[in-house]
Amino acid sequence: MNKTRAGISLALAAMTLLSACGNGGGNNDGGEAKGSGPASSPAASGAAGENAGGKLKPEKLKIVLYGDESNRMKELAKTEFNDIVKKEINAEIEFQFLPWTEYGGGKTDLMLSTGEDFATYTDTNYMVKSVAKGLYADLTPYMDGPAAADMKKTVDDNSFKAFQLNGKQYAVPVGNKPNSGEFYSALVRQDLLEEAGMQSVSSLAELEQFYDKVHAAHPELIGFAGTDARRMLMYEYTDKNLYWQNDFLAVDESAKDDKIISWFETPEFKAYAQIMRDWYKKDIIPKYAATNTPQLTSDWNSGKAMFWSGTAARPFEGAAAISQAVPTAKLENDFLSRDLPKISRGTYSTAWFVSANSPDPERYVLFFNLLQKNQELYDLFAYGIKDKDYTLDENGRLARLTTDSLVPDWLLMNKNFMRFDKTVSEDFIQKYKAWDDDAIISKTAGFNFDNAPVKNEETKINGVFSEFLVPIASGFVDYDAYFPKALDKLKAAGFDKYMAEYQKQFSAWYAAKNG
Amino acid sequence: MAIRENKTLIVLFYIGISLFALVCLVPFALAVAGSLSTESKLAAEGYSFLPRGFTFDTYRFMFGSKAEQIVHGYLISVVATALGTACSVLVTTAYAYVITAKGFRFRNHFAFLAYFTMLFSGGTLPWYILCTKYYHLDDTLAGLFLPYLLNVFLMYLQANYFKSIPHEIVESAQMDGAGHMLVFFRIMLPLGQVGLVTISLFYALQFWNDFYLPLMLVSDEKLFTIQYMMYYMMSNIQYLASGNSAQISGVTVAPPLETAKMAMTCLTVLPIAILYPFLQRYFVRGIIVGSVKG
């Protein structure tokens, strides 16, 4: 009896102490940030009464973004952004920024698990995992209604399909940009290429020739600023049009079948590993790449590398960073072959989801719609206030007056609305906009693997991948000497079961799609 | 003869320790030199022990664009450390007193309760729910120290000091009519001073270096500590450089300047580096006293 009483009094004492301090602090600082759920401020309704949003009851939305919040973003979030959102959809908006490490896990998971009301962006992997746990709101009911009407026009339809599971829309795509052939091109430093007396590279031999010539003149530069060139070099070691699903599995897009290819077990992988081994021996990939991969990115950004794997946008996205170090730097995408169609996974940048506990997911959908509704709103969220944050010249070219980023522009990037600065040539813009014209949508687009049945195997093979397969794939060690052992490890980790499960799910999905 | 042998040994020890200390200092020296270098030279030639192209530009830049945030971050760190240390020392010593108080029937139960949490914990999710949904510590100043108020290890350390105080002193005080309050504040705390200083230092270091509580509980930038600002910056850089970001297509954010990273490191470490030499003797003495029971 006494024991019980002692226990209870202890618990009570602890709780009193903790809650007293907790509330005390809450009253002093940042109490407003906690607001969530259906609670709404009465002040909002009056102001928005006459506007389009006035028919809706006031609501509070919380948007989580990752990365740094700039000072200008802070200002705008409280003023213009909030005003326009209130006017259009009668909601108060709060942006919360988290460190990138919390993306797809960490605090994001905690916030989802504790049922907080918020929305942020996701990728297909994270979506499948979270939907299995019931953490995302089902947004299907709002997709055909007026809430999503505008973005249905400005965002590609295939992008919506990519974020559906069992016919239900769990995330809303954002962005519409040429995405095909991602990392399949060689992004070369055109200024160095021209210095070496060359115009472009169209084969492995030419790429290596480029390295040799530049290396002779600038021995301090490294060649390839990465450790993964399987896509860029694909044209060299195979006639198939391989499209990777993850690090282990690929499909051949030129074949009309549902066959999943185990990448590491193909002769193509062997050929690729040997090219990479040569590169590593020749120092095209620097020796420190094995232990210090992040350094490669820094090297690239400070203009100390000759080529990297390219995307449609990288020539102008990356130019800003490099030209700080090397003002004359020019970037150009070259494919090592041109006769295979580029593969696209869809034109989205990412997709928004809404937490399952949100009382009003529709309002979030309205907000996502707002972001890609028209040029005016796009300009506001991506670039800020005209003549204060940016100016436009007579050709509609953009000059930003502040370096502070607002809603991250990689996220919004929509080819219908995006603006270029005047250093980007008209030629390039035409090329960029037409980048996807000869592309095909991957036959796997819209397929999302449910890893639940093979979760353990997946964890184990990922371990084998980083410990044994990466060194071979990046050329740090010799294929012949190390691959048999790595393959044994992979099999022992249950790769065959994983692969069989993947093939089973994909075949079923493929048959349903084409059936 | 014996003395001479000792001397050689001592010389050897000193050499060994100096070498070890040097090894520990290397990264710090590189960081200091890096923060004083010019960005372009650093990118071109890499790190060195002497600054490359000596300049204060980085610090000028940091204090130019982020001065307010940095100063504010410092302020929050100092406040959280001071409040946290004061509160946690009070809670810890009180608990330690309770489980060492002779004649208190349940002291072993309390000792066990504390010990139990050393072995088993509820995990992050229940902890997070407790802190945010029940105690409402999110976005509060209290959230920056309250969850760490009782460190069981330090509590046992303090309990050991208390045990080393002869019980007769307590008894004589009680005979004169002193209650637990008086005994605790007038006898135990003054006599356990060395232990008190030790655990205060441990707590102060812990609170100063902590970035986990702000990460979990704070989203309001007004409550960012200097350590969390540092962590925030580093985690963004690491994530973007790790290639995970390829999953979200098109993220090509140039990592912040190398020299800025180093300057930030120096700014965070500085206060501790200045204070430590003056305080470290308490660490040594405190731990030794605690380990020898009287």
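This passage describes the predicted model of chain A, first as a whole and then at one pair of helices and one annotated region.

Chain A comprises 515 residues, of which 42% are buried. The secondary structure consists of 23 helices and 18 strands. Among the contacts in chain A with a separation of 6 or more, 77% join residues 24 or more positions apart.

Helices α3 and α4 of chain A span residues 71-78 and residues 80-89, respectively. Their axes cross at roughly 35 degrees and come within 3 Å of each other. On the α3(A) side, the contact is formed by A:Leu76, A:Ala77 and A:Lys78, which meet A:Glu80, A:Phe81 and A:Asn82 of α4(A). By character, the residues of this contact comprise three nonpolar, two charged and one polar.

Within α4(A), four residues are listed as buried, namely A:Phe81, A:Val85, A:Lys86 and A:Ile89. Viewed down the axis of α4(A), these buried residues fall within an arc of 125 degrees, and therefore line one face of the helix. A:Phe81 thus appears both among the buried residues of α4(A) and in the contact with α3(A). After α4(A) comes A:Asn90, which has a positive phi, near 50 degrees.

Towards higher residue numbers, an unreviewed UniProt entry places the feature "domain: DUF3502" at residues 444-511 of chain A. Over residues 444-511, the chain is 74% helix and 0% strand. The end C-alpha atoms of this stretch are 12 Å apart.

Note on methods. Residues are numbered from 1 along each chain as its sequence is written. Chains are lettered from A and ligands numbered from 1 in the order in which they are written. This is a predicted model: local features need pLDDT of at least 70, side-chain atom pairs count only at pLDDT 80 or more; totals for chains, interfaces and linings use all residues. UniProt positions are given in the numbering used here, feature names are shortened, and annotations may be inferred rather than shown by experiment. Helices (H or I, at least four residues) and strands (E, at least two) are DSSP runs, numbered from the N terminus. A residue is buried if 20 or more other C-beta atoms lie within 10 Å of its own, exposed if 12 or fewer, and partly exposed in between; C-beta atoms are placed from the backbone. The arc is that of the directions from the helix axis to the C-beta atoms. Two residues are in contact if their C-beta atoms, placed from the backbone, lie within 7 Å. Axes are lines fitted to C-alpha atoms, for helices over the stretch in contact, and angles run from 0 to 180 degrees between N-to-C directions. Ala, Val, Leu, Ile, Met, Phe, Trp, Tyr, Cys and Pro count as nonpolar, Asp, Glu, Lys and Arg as charged, and the others, Gly among them, as polar.
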